[in-house]
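Here are a few short exercises to work through with the model open. Try each one yourself before reading the solution.

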Amino acid sequence: MIDTVKKFKIWIITIFPEYFRPLLDCGVTANALNGPNGLALEVNLVPLGNYTFQKYKGIDDTPFGGGPGMIVRADVLKNALDCGVVNAGNYGGSYRDKLHIVYTSPRGKVWNRDYCKEFSGRVWTENASRDLVFICGRYEGVDERFLQKYVDEEISIGDYVLTGGEIAVMAILDSALRYLPGVLGNRESSQKDSFEDYLLENGQYTKPREFEGVVVPEVLLSGNHKKIAEYHLAEKLALTKQYRPDLFLKFNKLSGKATQKVGNKSGKD
Ligand code: ADE
């Protein structure tokens, strides 16, 4: 559990700090970071552009050996880490033991439900003595020497290339914060999420009972909790089989069932 007195810090080194305003200012993540629950978390944005050297000015340069695009300089990143994180956060000379440095890039381990849960358990709990630093990559990449020397973990959010790491950092933080106790109003809700049991969530309905001629399934109005639970499970199985056959196979394998006889809404196999 996170220490409620000491603030656990998240540092984000980026050339576009403004990208992060919605995450910090809106909705569930904003409440988690600033709300009355008083979660002991603090996010610090470190604008990479503030840490360039007079002599070179830019944050990036052309790649040795040729090739397209520009590479973010290792010395500028190190300057941002030293001054914008280590000095600003008073981590002192032994900062490597106090910081967990994450770089978002397409070559990282691919983020999914299991990884998110494992990461959250690791960074928000037993390892909470280490604050988190995210390095957002840009352009054609970051000088390999910085990555080799300073980065502890590389994370990809999928097999496609973004123009920069900011959106990846937001996706990682948004999904990982949901596993932090107290972030979601109803503690059960992350347990009911799609993927939690390798099944997609069942469809949900609210008022009105009839919408454009379509009525809410009768069983949901019955008040019979056993029947409702059976209906939800059947829906979860059918939706998973239809939309994510790969997950459906995983579910069957894990639940030890060779085959699951469920309806297929699309009528296709
Ligand atoms: N930066 C560029 N593409 C990315 C991806 N797929 N995941 C994480 N960071 C990235």
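**Exercise 1.** Does Cys83 count as buried, partly exposed or exposed? Do the same for Cys116.

*Solution.* Keep in mind that this is a predicted model. Start with the cut-offs: buried means under 20% relative accessible area, and exposed means over 50%. Cys83 comes out at 33% relative accessibility, so it counts as partly exposed. Now take Cys116: its relative accessible area is 4%, so this residue is buried. Last, check for disulfides: the structure holds zero.

**Exercise 2.** Find Asn50 and work out where it lies and whether it is buried or exposed.

*Solution.* First, place the residue: Asn50 sits in the loop that runs between β2 (41-47) and β3 (60-61). Next, look at its relative accessible area, which is 55%. Exposed means over 50%, so Asn50 is exposed. Then pick out Asn79, which is 29 residues from Asn50 along the chain. In space, their C-alpha atoms are separated by 9.5 Å.

**Exercise 3.** Zoom out and describe the protein chain as a whole: what are its elements, its burial, its contacts and its surface?

*Solution.* Begin with secondary structure: the chain has eight helices and 10 strands. Turn to burial: of the 269 residues, 43% are buried. For contacts, take those between residues at least 6 apart in sequence; 73% of them join residues at least 24 apart. Finish with the accessible surface, which comes to about 15,400 Å². Carbon and sulfur atoms account for 54% of that surface.

Methods
Residues are numbered from 1 along each chain as its sequence is written. This is a predicted model: local features need pLDDT of at least 70, side-chain atom pairs count only at pLDDT 80 or more; totals for chains, interfaces and linings use all residues. Side-chain values use heavy atoms; hydrogens and water are left out. Helices (H or I, at least four residues) and strands (E, at least two) are DSSP runs, numbered from the N terminus. Buried means under 20% relative accessible area, exposed over 50%, partly exposed in between (1.4 Å probe, protein chains only). A disulfide is a pair of cysteine sulfur atoms within 2.5 Å. Contact means heavy atoms within 4.5 Å. Accessible areas come from the Shrake-Rupley method with a 1.4 Å probe; for residues, only the protein chains shown count as cover.
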